[in-house]
Amino acid sequence: MAERPDASPPDPDDDRWREAHLGRLLGHAMRRFDERVLVLMAHDAQVPLALSNLAARSQVTAAHIHITRHLPLPGARLTDLAAAAGMSKQAMGDLVDQCEAWGLVLRAPDPRDARARLVRFTPAGRDWLAGFQRAVAQAEAEFHAAVGDAVATVVRLGLEAYAA
């Protein structure tokens, strides 16, 4: 069993810990997973061609995945979408503007408040979302194959507990 990183006093001149702490590993894993999802989506014949071409040319980034991950099917106000993604309203607004130009989302009146607008998936955006679901399933299967089912299950359970 590996020794716990806090088992001995830290050496102030040794900064190797910065390369392998849990937060950094989680960040690397998430970037790798998102990159794989985008590659799979770029090659998915069921994803609208214009959107898969954007993914293939690296125009769609992990930041755009925030919209795909966090936008509920009925839609959401920009402020709620930004909060769910952990982004500023301005940064999310920029992403929504891009995704709207690509035909992925649209802004529609909020039936509960005439002054507000909801961000919603377009039909092409729903096709994109279906492609995202397929790509995530494939990337998860590849993760299972890479680390084994037992480790993949422990990682999932640990992350679910930690994120709760």
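In this predicted model, helix α7 meets helix α8 through Glu140, Phe143, His144 and Val147 on the α7 side and Asp149, Val151, Ala152, Val155 and Arg156 on the α8 side, where contact means heavy atoms within 4.5 Å. By class, this contact of α7 with α8 has five nonpolar, one polar and three charged residues; Ala, Val, Leu, Ile, Met, Phe, Trp, Tyr, Cys and Pro count as nonpolar, Asp, Glu, Lys and Arg as charged, and the others, Gly among them, as polar. The axes of α7 (residues 123-147) and α8 (residues 149-163) come within 6 Å and cross at roughly 120°, which makes α7 oblique to α8. Angles under 35 degrees count as roughly parallel, over 145 as roughly antiparallel, 65 to 115 as roughly perpendicular and the rest as oblique. The axes themselves are lines fitted to C-alpha atoms, for helices over the stretch in contact, with angles running from 0 to 180 degrees between N-to-C directions.

Some conventions apply throughout. Residues are numbered from 1 along each chain as its sequence is written, and side-chain values use heavy atoms, with hydrogens and water left out. Because the model is predicted, local features need pLDDT of at least 70 and side-chain atom pairs count only at pLDDT 80 or more, while totals for chains, interfaces and linings use all residues.

The protein chain as a whole contains eight helices and two strands, which are DSSP runs (helices H or I, at least four residues; strands E, at least two) numbered from the N terminus. Read from the N terminus on, the elements follow the order α-α-α-α-α-α-β-β-α-α. The C-alpha trace spans about 60 × 35 × 30 Å along its principal axes, and the chain has a radius of gyration of 19 Å, against a value near 15 Å for a compact globule of 164 residues. That radius is taken over C-alpha atoms, and the globule rule is 2.2 Å times the number of residues to the power 0.38. Of the 164 residues, 30% count as buried, a term that means under 20% relative accessible area, with exposed meaning over 50% and partly exposed in between (1.4 Å probe, protein chains only). Among contacts with a separation of 6 or more, 53% come from residues 24 or more positions apart.

Helix α7 also packs against helix α2. The axes of α2 and α7 come within 8 Å and cross at roughly 125°, and that makes α2 oblique to α7. The crossing of these two helices is right-handed; a crossing is left-handed if the near helix is turned anticlockwise from the far one by less than a right angle, and right-handed if clockwise. On the α2 side the contact is made by Phe33, Arg36, Val37, Leu40 and Met41, and the α7 residues that take part include Trp128, Phe132, Val136 and Ala139. By class, the contact of α2 with α7 has nine nonpolar, two polar and three charged residues.

Phe33, in helix α2, gives a residue-level view of this contact. Leaving aside its neighbours within four places in sequence, Phe33 is in contact with Val136, Ala139 and Glu140, and its C-alpha lies 6.8 Å from that of Ala139 although the two are 106 residues apart in sequence. With 25% relative accessibility, Phe33 counts as partly exposed.

Helix α2 (residues 22-42) has a further partner in helix α3 (residues 49-56), and their axes come within 8 Å and cross at roughly 135°. Helices α2 and α3 are therefore oblique to each other, and their crossing is left-handed. Here Leu38, Met41 and Ala42 in α2 meet Ser52, Ala55 and Ala56 in α3, so that by class the contact has five nonpolar, one polar and no charged residues.

Three further residues belong to other parts of the chain. His64, in helix α4 (residues 62-70), counts as buried at 5% relative accessibility, and beyond its neighbours within four places in sequence it is in contact with Gln59, Leu95, Gln98, Cys99 and Trp102. Pro74, in the loop between α4 and α5 (78-85), counts as exposed at 58% relative accessibility, and its contacts outside that sequence window are Leu118 and Arg120. Arg120 lies in strand β2 (residues 113-121) and counts as partly exposed at 30% relative accessibility; the residues in contact with Arg120, again leaving aside neighbours within four places, include Leu71, Pro74, Gly75 and Leu104.
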